[in-house]
Each structure stands twice: as C-alpha cells, then as structure tokens.
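Q: Please take a close look at one part of this model: its nonpolar interior. Keep it brisk.

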Amino acid sequence: MKKLNEFNLNNKKVIIRCDFNVPIKDGKIIDDTRIKAALETINYCIKQNAKIILLSHLGRIKEEADLVKNDLLPVSLRLSELLNKKVLFVNKTRGKEVTQTIANMHPQDIILLQNTRYEDLTGKKESSNDEELGKYWASLGEIFINDAFGTIHRAHASNVGIATYLPSTFGFLIEKELTALNNLNNPEHPFVVILGGAKVNDKIGVIENLVTKADKILIGGGMAFTFLKAQNYEIGTSLLDEANIDFCKKILKKYSSKIVLPIDIAVSKTFTNDEKYRTTTIENIKNDEMGLDIGPKTTALFEEILSSAKLVVWNGPLGVYEFNNYRINTDKLLNYIVNNNIKTILAGGDIVAVATTAGVKDKIYHVSTGGGATLEYLEGKKLPGIEAIK
Ligand code: AMP
C-alpha cells in the first residue's frame with residue numbers, strides 16, 4: 001500500500017472520505033472537533049494542488065424527516081471558515097449537478113457532497129455497500145483517501161465501495177490511529193490492560209483477544225461484579241451479567257495470574273450521586289448495597305501494577321463516572337498514568353470523556369477516537385475499511 005505522501009496529487013481529482021459526523025442542533029454545530037481533525041489531510045491535498053471532493057456521513061437516515069436534521073450544509077460553512085477558503089456544497093449525492101461541478105473544478109478547489117447516508121433512504125445503498133453506488137462515487141475521482149476512522153469497521157459504499165475501484169490510501173488521521181493501535185500487535189511488556197464499563201457481555205471479544213497478549217488485566221466498573229460473583233462473593237444489588245458468570249469462571253480459571261479484580265468497592269444503597277456511600281472490602285458488601293466504583297485500596301493496587309508497565313490500553317471507566325462521587329478513582333488512575341508518563345492508549349468513548357473532563361486527554365500517548373471501530377480492533381477483528389485499502 002502506497003502512503004498518502006507517495007501519491008502524486010497534482011491536478012488529480014482526489015476523493016477524501018472524512019468523518020464530519022458532528023453534533024448539530026437547530027442547524028448549529030455544537031462541537032467541531034471532528035471537522036478540525038480533518039484539516040491536516042485536506043490542507044495537505046490543497047498544498048499538493050489536488051481537486052478535492054469531500055464525502056461524509058452525518059447521523060442516520062431512516063425516514064424523510066432525517067434528511068433535514070442531517071443536512072451537511074452547516075459543515076461546509078464551518079469547514080470553509082476553518083480553511084479560510086471556499087468550500088462549495090453540492091446538495092446531492094449523485095447526478096448531473098455533481099458531475100458538472102466536478103468537471104468545472106480547478107486545482108485546490110474543494111467541494112463537499114451531501115451526506116452519503118441520504119443514499120440509505122431507499123434501499124440502504126450506502127450502508128449496505130451497494131456495488132453500483134461505490135462504483136459511481138469512485139468514477140468521480142482518480143485517487144481515494146479514507147480518513148474516517150469512526151466507520152472503518154463498517155463496509156459502506158463510501159469507504160470499502162470506493163476503495164475497491166480506485167488507487168486508495170489512508171489520510172493522516174487514520175494513519176495516526178493505526179500507528180498507535182499497531183503497538184497492540186506486538187506489545188512491549190509488561191503490557192497491562194484496564195477494562196471497565198458496564199457489561200461483561202460487551203467486552204467478551206476484547207477479553208478473549210487481549211488476555212492472550214497482556215501480562216495483567218485490571219478489571220473494574222460494572223463488569224467487575226460478575227467476575228466477583230463468579231468467585232462466590234456477595235455483590236448485593238450491583239450490576240450482574242448473569243448469563244456470563246460461566247464465562248468469567250472460565251477466564252478466571254485459565255488466566256488466574258493475569259486477572260486482577262478489585263479488593264475494595266465504593267457502595268451505595270441507591271443509584272444516585274446524593275446517597276452517602278461507604279467503602280468496603282469485597283467480602284463485606286451488604287444485600288441492599290450496590291458497587292458504583294472501585295475503592296482506594298484497589299486504586300493503589302492498580303497503580304503498583306501500572307508502575308512497571310511499558311504499554312497500557314484502557315477501555316471503560318472504573319466507576320459510574322457520570323456521578324462525581326464515583327469517578328474519583330478513574331480520575332486518580334488517569335492522573336497517575338499522566339504523572340508517571342506511562343505509555344497508554346485510551347480506547348472508547350466513555351474513558352475518553354472522563355480523560356477530557358479531567359483535563360488530561362492531551363497528555364495521554366494516544367486517545368483513540370473510533371468508539372466501535374477501536375473496540376473491534378481490540379477484539380482482534382479484521383476491519384473492512386482497512387482491509388479494502390491494504
Ligand atoms: P461501556 O460503554 O461498556 O464502557 O460502559 C460505560 C458505562 O459503564 C458508563 O455509563 C458507566 O456509568 C458504567 N459503569 C461503570 N461502572 C459501573 C458500575 N459499578 N455499575 C454500573 N455501571 C457502571
């Protein structure tokens with residue numbers, strides 16, 4: 001696979017699949033982080049004298065009403081401001097207006113087509129990677145750059161479809177993600193995994209894949225209680241994923257030296273932030289109490305293990321971080337990682353949200369923005385958007 005900087009883009013029609021899936025309310029963009037993140041690749045293509053055709057999805061399109069809500073026009077206006085350059089918006093995903101506009105483009109011109117998922121309204125053409133649609137979009141350009149990491153685990157017409165028919169490569173955003181995540185294929189040791197979040201069921205693939213590579217897996221969050229239950233601890237009214245108790249037993253038996261469970265827990269009688277909570281050892285959780293965070297002794301134990309780690313990957317908060325009382329230990333461990341300069345990849349939306357509000361996000365080695373894409377990467381799955389280009 002040729003890298004982006006190995007392509008001659010001069011005077012070439014270059015299609016860039018961006019991730020402009022930004023939150024929009026009443027036609028106003030609430031958070032333009034994703035648009036800003038796309039600038040590096042776009043600016044590079046401008047410098048290389050390319051004709052730039054941008055594609056992106058926005059939200060989901062299931063019915064007519066979704067069209068207005070998910071119109072990409074506001075994105076073109078914001079992008080234009082950020083680039084300090086005109087971005088021509090074509091309110092169509094295909095047809096004469098599209099082909100004519102492209103035929104009239106000069107080098108360094110930029111156009112943005114309408115939301116690729118408008119094609120989902122009838123027959124889910126974008127999301128089912130309709131062959132004819134992928135071929136059509138590919139016919140609009142000469143080179144394809146995929147820079148939308150968030151959809152890399154999906155085979156859609158605007159990523160896999162186009163890549164099938166054009167010389168293709170990754171943009172700088174995806175390149176950065178893949179370089180960082182590549183650390184996991186051949187990790188430096190000790191390699192420590194921190195897993196939190198809600199249910200065991202959502203993380204089975206991640207556990208099965210990473211337990212073979214990691215030296216230690218530190219488990220917190222709601223997940224920890226199914227593991228504790230599997231060891232016959234009384235967990236009161238804590239989150240229990242009954243169907244996966246046997247899975248936990250199996251993992252605990254096979255990898256007993258790798259799995260590290262909490263030794264103390266912050267418990268409360270209600271799922272609120274107001275209730276007075278107490279910290280208890282795992283042997284003393286009462287029937288009417290639920291565990292909402294790990295405790296300080298567990299945090300100290302996790303810190304000790306992390307102190308020698310050469311690589312850490314962390315998915316999922318260790319407590320109900322939405323309540324201030326129960327984010328304390330996740331915050332503390334994040335700060336420990338930052339203060340001790342431990343090479344860490346944060347993977348998945350919730351832990352990234354905690355790191356952002358704790359003000360440490362920019363000090364972490366890599367923050368993976370992919371959500372579902374990152375999780376599938378951690379499960380060791382082959383991702384269609386990557387395979388199509390490789
Ligand atoms: P996930 O999307 O699987 O990473 O889960 C994130 C969610 O897990 C957050 O909304 C947290 O509130 C939740 N969570 C973390 N710890 C617990 C806990 N002890 N009990 C219930 N939910 C939890």
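A: This is a predicted model. Start with its largest nonpolar core, which has 68 residues. Leu113, Trp137, Phe227, Ile259 and Val313 have the most contacts inside this core. Helix H9 (residues 223–230) supplies the largest share, six residues. Domain 1 (4–178) and domain 2 (185–359) both give residues to the core, so the core lies between them. In general, nonpolar side chains in soluble globular proteins tend to be buried together.

Now take Trp137. Not counting residues up to four places away in sequence, Trp137 touches Ile15, Leu55, Thr93, Leu113, Thr116, Glu119, Glu126, Ala157, Ser158 and Ile162. One of these, Leu113, is also listed among the core residues with the most contacts. Apart from this core lies another, of 29 residues. Leu9, Phe20, Leu58 and Val87 are among them.

Trp137 is also one of the buried residues of helix H5 (residues 131–139). The others are Leu133, Gly134, Tyr136 and Ala138. What do the buried residues of H5 pack against? Their partners are three strands and two helices: strand S1 (13–17), strand S4 (51–55), strand S6 (110–113), helix H4 (96–103) and helix H6 (157–165).

One helix pair rounds out the view. Helix H12 (residues 328–339) packs on helix H13 (residues 349–357) at an angle of about 75°, with the axes 10 Å apart. That angle makes H12 roughly perpendicular to H13. Thr330, Asp331 and Leu334 make the contact from H12. Ile351, Val354 and Ala355 make it from H13. By type, the contact residues are four nonpolar, one polar and one charged.

Terms used. Residues numbered from 1 in each chain as written. Predicted model: local features only at pLDDT ≥ 70, side-chain atom pairs only at ≥ 80, totals over all residues. Heavy atoms only, no water. Axes fitted to C-alpha atoms, helices over the stretch in contact; angles between N-to-C directions. Helix = DSSP H or I, 4+ residues; strand = E, 2+ residues; numbered from the N terminus. Parallel < 35°, antiparallel > 145°, perpendicular 65-115°, else oblique. Contact = heavy atoms within 4.5 Å. Nonpolar A, V, L, I, M, F, W, Y, C, P; charged D, E, K, R; others polar. Core = buried A, V, L, I, M, F, W, Y, C linked by side-chain atoms within 4.5 Å. Buried < 20%, exposed > 50% of the residue type's maximum accessible area, 1.4 Å probe, protein only. Domains from an automatic or database assignment.
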